[in-house]
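Student: I would like to learn how to read a sheet. Could you walk me through one?

Tutor: Gladly, let's look together.

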Amino acid sequence: MEEEFYCVIKLVSGEEIISLIYIDDNGLLALAQANSAATGRVAGMSLTGGNPGDTIQYTRNQAEPIQNLSDRVDGAPTELEVGRYYYLSAVNAGNLTRTPDTSTAGSVVVQVGLALSSTELTIEIQAPLLI
């Protein structure tokens, strides 16, 4: 069963929201990042892009193709590593990474999915682990 949600984007200095997102204390979406517990609460992955004030669609707990893969995964790979887990990036907001930061105090490790193919990720967001 597909789960799709809608929410309004937070005003983030003109930056387009697309990729891994969290919902802030005011109920607005912003790019998730594993460099703090506050921004590491991943709500899902956006399915549509948008600008501040727009309402966008996001999802979790289902398989999704990753568009613009080299822009959305740290290290700019051309394909996902099949059968490998991906995590929320502490370096680039909204991005996936294969190498989570496990040593910086205050950061979080958040497993967000498993590569089913070279372009498709099953979104399986786990609870953040505070470092």
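Tutor: Keep in mind that this is a predicted model. Let's begin with one residue pair: in β8, Tyr87 has Thr97 as its bridge partner.

Student: How many bridges join β7 to β8, and how do the two strands run?

Tutor: Strands of a sheet pair through backbone hydrogen bonds, in a parallel or an antiparallel way. Here two bridges link β7 to β8 (residues 96–97), and the strands run antiparallel.

Student: Which strand is joined to β7 by three bridges?

Tutor: That is β10 (residues 111–115), which runs antiparallel to β7 (residues 85–88). Within β10, Gly113 is the residue opposite Tyr86.

Student: What is the strand order of the open sheet?

Tutor: The five strands follow the order β6-β11-β10-β7-β8, with antiparallel pairing. At the edges stand β6 (63–65) and β8, each with a single partner strand, so one side of each has no neighbour in the sheet.

Student: And the side chains?

Tutor: In a regular strand, side chains alternate between the two faces of the sheet. For a contact to look up, try Tyr86: Arg98 lies over the face of its ring, 5.8 Å from the ring centre.

Student: How many aromatic pairs does the structure hold?

Tutor: Zero.

How values were computed
Residues are numbered from 1 along each chain as its sequence is written. This is a predicted model: local features need pLDDT of at least 70, side-chain atom pairs count only at pLDDT 80 or more; totals for chains, interfaces and linings use all residues. Side-chain values use heavy atoms; hydrogens and water are left out. Two strands pair if DSSP finds at least two bridges between them. Helices (H or I, at least four residues) and strands (E, at least two) are DSSP runs, numbered from the N terminus. Rings of Phe, Tyr and Trp (its six-membered ring) pair if their centres lie within 6.5 Å; planes under 30 degrees apart count as stacked, over 60 as edge-to-face and the rest as tilted. A charge sits over a ring if NZ of Lys or CZ of Arg is within 6 Å of the ring centre and within 35 degrees of the ring normal.
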